[in-house]
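User: Hi! I'm new to reading protein structures and would like a close look at one part, with a few words on what lies around it. Here is the model I have open.

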Amino acid sequence: MEEREVSVSMELIKDYEFKVTFDEKLADLLMDEPPPLGSGGGPNASKVLSAAVGNCLTASLLFCLRKIRLEPTALKTTVTTKLIRNEQGRIRIGASHVAITLGFDPAGRDRLRRCNDLFEDYCVVTQSVRSGIPVSVAVQDERGELIYDSRERLEKS
């Protein structure tokens, strides 16, 4: 089994603001808690996790689309994450739903089925997060027609 490491470092700036530095030549990221703890000057960890799940799934879908030579004309993702309180009253991430809107040449619709069966399995972040947090995924075209719904897939297994 192949192993790699990803490393980030964080440094407190003030209050609840942290500068996040990545191990590559990437721009730093400012993270902050929303009021009343912080000033909301950047995303908090829940939002960054939601972005990571959405980005990983969207990039995985895009990779598959390009492999089958179906270049999207539009690709937009929205991640909605529910925050809940556990039995001890502490806030936890309860679930996330990823909605992907995909524009594509309708002539390629049959080839798209291949990606529906694969892209989630190749998303490192989502499959890891799913070990503890339910994540559902839906892909629709620009007209709003549902192309894929992971809940249907999960019900069959």
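Which order do the three strands of the open sheet have, and what kind of pairing do they show?

Analyst: Good place to start! One thing to keep in mind is that this is a predicted model.

The three strands of this open sheet come in the order β1-β2-β3, and their pairing is antiparallel. At the edges sit β1, residues 8–14, and β3, residues 29–31; each of these edge strands has a pairing partner on one side only. If you turn the view, you can look for the twist: neighbouring strands of the sheet are turned by 30° against each other on average, ignoring direction.

Now zoom in on the pairing of β2 and β3. Strand β2 covers residues 17–22, and three bridges join β2 to β3 in the antiparallel sense. To find one of these contacts on your screen, pick Lys 19: its bridge partner in β3 is Leu 30.

Next, colour the nonpolar side chains around this sheet. A nonpolar patch on the surface is formed by Val 6, Val 8, Met 10, Leu 12 and Phe 18, and together these residues have about 500 Å² of accessible area. The biggest contribution comes from β1, which gives three residues to the patch. Here is a helpful rule for looking at strands: in a regular strand, side chains alternate between the two faces of the sheet. One patch member to click on is Met 10, which lies in strand β1. Met 10 has a relative accessible area of 55%, so Met 10 counts as exposed, the cut-off being over 50%.

For contrast, let us move on to the cysteines. The structure holds two disulfides. In one of them, Cys 56 and Cys 123 are bonded, with 2.4 Å between their sulfur atoms. Cys 56 belongs to helix α1 (residues 45–67), while Cys 123 is in the loop between α2 (109–116) and α3 (124–129), so this disulfide ties together parts that lie 67 residues apart in sequence. Both ends are covered: Cys 56 counts as buried because its relative accessibility is 15%, and Cys 123 counts as buried at 1%.

The other disulfide joins Cys 64 and Cys 115, whose sulfur atoms are 2.3 Å apart. This link is left-handed, with -100° about the S-S bond. Since Cys 64 lies in helix α1 and Cys 115 in helix α2, the pair ties together parts 51 residues apart in sequence. Here too the ends are covered, as Cys 64 is buried at 9% relative accessibility and Cys 115 is buried at 0%. If you number the bonded cysteines in sequence order, the pairing reads 1-4, 2-3.

The loop between α2 and α3 also holds Asp 117. At 53% relative accessibility, Asp 117 counts as exposed. Asp 117 also leads us towards another part of the chain: Tyr 148 is 31 residues away from Asp 117 in sequence, and the two are 9.3 Å apart in space, C-alpha to C-alpha.

That brings us to one more strand pair. Strand β6 (residues 135–141) and strand β7 (residues 146–149) pair in the antiparallel sense over three bridges. Across this pair, Gln 140 stands opposite Leu 146 in β7. The hairpin of β6 and β7 has four residues between the strands, and in this hairpin Gly 144 takes a positive phi near 95°.

Conventions. Residues numbered from 1 in each chain as written. Predicted model: local features only at pLDDT ≥ 70, side-chain atom pairs only at ≥ 80, totals over all residues. Heavy atoms only, no water. Pairing = 2+ DSSP bridges. Helix = DSSP H or I, 4+ residues; strand = E, 2+ residues; numbered from the N terminus. Axes fitted to C-alpha atoms, helices over the stretch in contact; angles between N-to-C directions. Disulfide = S-S within 2.5 Å. Buried < 20%, exposed > 50% of the residue type's maximum accessible area, 1.4 Å probe, protein only. Patch = residues over 30% accessible without salt bridge, like charges linked within 9 Å, V, L, I, M, F, W, Y side chains within 5 Å. Areas by Shrake-Rupley, 256 points an atom, 1.4 Å probe, with all protein chains shown as cover. Salt bridge = Lys/Arg side-chain N within 4 Å of Asp/Glu carboxyl O.
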